[in-house]
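Please look over the sequence and the model below before reading on. The report that follows starts from one strand and works outward to its sheet, a second sheet, the ligand and the whole chain.

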Amino acid sequence: TKASLTIDPAFAIADVDPRLFGSFVEHLGRCVYTGIYEPGHPAADENGFRRDVLDLVRELGVTVVRYPGGNFVSGYRWEDGVGPDRPTRLDSAWRSIEPNTFGLGEFIKWTRAAGVEPMMAVNLGTRGVQEAIDLLEYANHPSGTHWSDLRRKHGDAEPYDIRLWCLGNEMDGPWQLGHKTADEYGRLAAETARAMRMIDRRLELVACGSSGATMPTFGTWEATVLKHAYDVVDYVSLHAYYEPIDGDVATFLASGDRMEAFIADTVATCDHMRAVTRSTKRINLSFDEWNVWYMRKFQAQESTLEWRHAPPLLEDHYDVTDAVVVGSLLIALLRHADRVRVACQAQLVNVIAPIFAEPGGPAWRQTIFHPFAQASRYGRGRVLRVEPQTPVYECAAGEVGLLHATAVQAEDGTVTLFAVNRSQTDALELAANVRALGDGVRVLEHTVLTDEDLGARNSAAEPDRVRPRPVTGTGIDTGTLHASLPPVSWNVIRLG
Ligand code: AHR
């Protein structure tokens, strides 16, 4: 089976915003407690932050981290997580006991240790404008007022300077505490945005879009919210999770195309509202929750959950196919880097996560860690339009290309081709026209993530069972790159 494409720096999509490589930490299961934070763990630092996890977060190449939720934020009182008195509360979103020993100040300290930018969500489920601006004053105002002086009293003299804020979470979802109609939410988001901007003019604000492309309100939700809030927000959010349904791997492997369609439809809706509102600005996208999630497995156990602190929830263990799909989702995001400026893989540790941390034990890389780390490392620069010519197959997602690909040119001129072969049976023989890169261009490296056993996973006992491995035989001959992409594989080919 053959496929081809052209790599030419003359045809660029956009410069990648580094915030495309974001992640998400929610008070959910063991993401915070026994994930990033575990006082008493042998690897914990003086703040209780796990150093082994911090090392992996840095290696993963995460740039921005969304916090504190998720469904959790829609019932959250941020004041519970600051200062010396930390009440224990019920978190009804995840039927968990929340001791609030980790809160805003700890999170900011952790982001500094991890070298990431914080992205904070305000509660627009059970709360509103006043609590949002109180939180903003606590976080960003230097001093001399009730909330800013309280932050100082709590030991943080310097403002947190959080620029990127989510106006609630998944407010279109009936499962959300304080779920609203599009008109109700649109008004509240606009009022909150206006009030927040009156306190701090440097903010970037994200309005909730749809919790998924299959939501019955998708499309009209975004249009209605933007009717109210177009002028005062910068981004609309998208959330999407993918899993194989009834063993349909062919459709699962097409998840990247579904993500691209979701992005294109949301962009169209935002631009429609640009025309309707006669605005000159453009609304960009924050894909602030995306991943493979075996959600049906979780839904089957949801009704049996008991009230517990940090229960093991949503602890998916990913295999080779999952990693290839995650690679394809990263390709989808890069291919739309002109409009998707922020994206957060959900979530960072333990909860549907690239990093797994055993309580009291080791931390290790899940299979999906690798495509993210490689995309973050080599996907910085300018995305090129590669226009793959590829055989197609039919599945529930429609007609889908076997090859899914994109290329990014770094500042130093090197080009990285990211390519997924979705065929479950055949290698794809790729011929890429690279003449525009000049005579001297060489293959620096071709790594492949695949396995004879597509169900192979990593574990504490075998943490490196699945990882990208270098392959030989990839080369350039008179301006054409030749590479063989194995069935169900994630490929990173670096040229320079
Ligand atoms: O990431 C897990 C959950 O998925 C989040 O809390 C919610 O926003 C989404 O439904």
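## A strand and its surroundings

From strand 19, the side chains of Val-415, Leu-417, Ala-419 and Asn-421 point one way and those of Thr-416, Phe-418 and Val-420 point the other way, and all of these residues are buried. A residue is called buried if 20 or more other C-beta atoms lie within 10 Å of its own, exposed if 12 or fewer do, and partly exposed in between, with C-beta atoms placed from the backbone. Strand 19 is accordingly described as mostly covered, with 7 of its 7 residues buried. Helices (H or I, at least four residues) and strands (E, at least two) are DSSP runs, numbered from the N terminus.

This is a predicted model, in which local features need pLDDT of at least 70 and side-chain atom pairs count only at pLDDT 80 or more, while totals for chains, interfaces and linings use all residues. Residues are numbered from 1 along each chain as its sequence is written.

Strand 19 belongs to an open sheet of 7 strands, arranged in the order 2-15-18-19-25-21-22 with antiparallel pairing. The edge strands of this sheet are strand 2 (12-15) and strand 22 (469-470), each of which pairs on one side only. Two strands count as paired if DSSP finds at least two bridges between them. Helix 11 (residues 369-378) packs on the sheet, touching strand 18 (403-409), strand 19 (415-421), strand 21 (443-449) and strand 25 (489-495), and its direction makes about 20 degrees with that of strand 25. Here contact requires C-beta atoms, placed from the backbone, to lie within 7 Å, and axes are lines fitted to C-alpha atoms, for helices over the stretch in contact, with angles running from 0 to 180 degrees between N-to-C directions.

Strand 18 and strand 19 form a hairpin with 5 residues between them, and Gly-413 in the turn has a positive phi of about 95 degrees. The table lists some strand pairs, from this sheet and from a second one, with a residue pair for each.

| Strands | Sense and bridges | Facing residues |
|---|---|---|
| 2 and 15 | antiparallel, 3 bridges | Asp-15 and Arg-382 |
| 18 and 19 | antiparallel, 7 bridges | Ala-407 and Leu-417 |
| 19 and 25 | antiparallel, 7 bridges | Ala-419 and Asn-491 |
| 1 and 20 | parallel, 5 bridges | Thr-6 and Asn-433 |

That second sheet is also open, with 4 strands in the order 1-20-24-23 and mixed pairing. Its edge strands are strand 1 (2-6) and strand 23 (475-477), each pairing on one side only.

Turning to the ligand, the residues that surround it include Glu-26, Asn-71, Glu-170, His-239, Glu-289 and Gln-347, where a residue is near a molecule if its C-beta atom, placed from the backbone, lies within 6 Å of it. The residues of this shell divide into 2 nonpolar, 7 polar and 3 charged.

The protein chain as a whole has 11 helices and 25 strands, and 51% of its 496 residues are buried. Its C-alpha trace spans about 70 × 60 × 45 Å along the principal axes. For 496 residues a compact globule would have a radius of gyration near 23 Å, and the 22 Å of the protein chain agrees with this. Among contacts between residues at least 6 apart in sequence, 76% join residues at least 24 apart.

Note on methods:
Contact = placed C-beta atoms within 7 Å. Nonpolar A, V, L, I, M, F, W, Y, C, P; charged D, E, K, R; others polar. Rg over C-alpha atoms; globule rule 2.2 N^0.38 Å.
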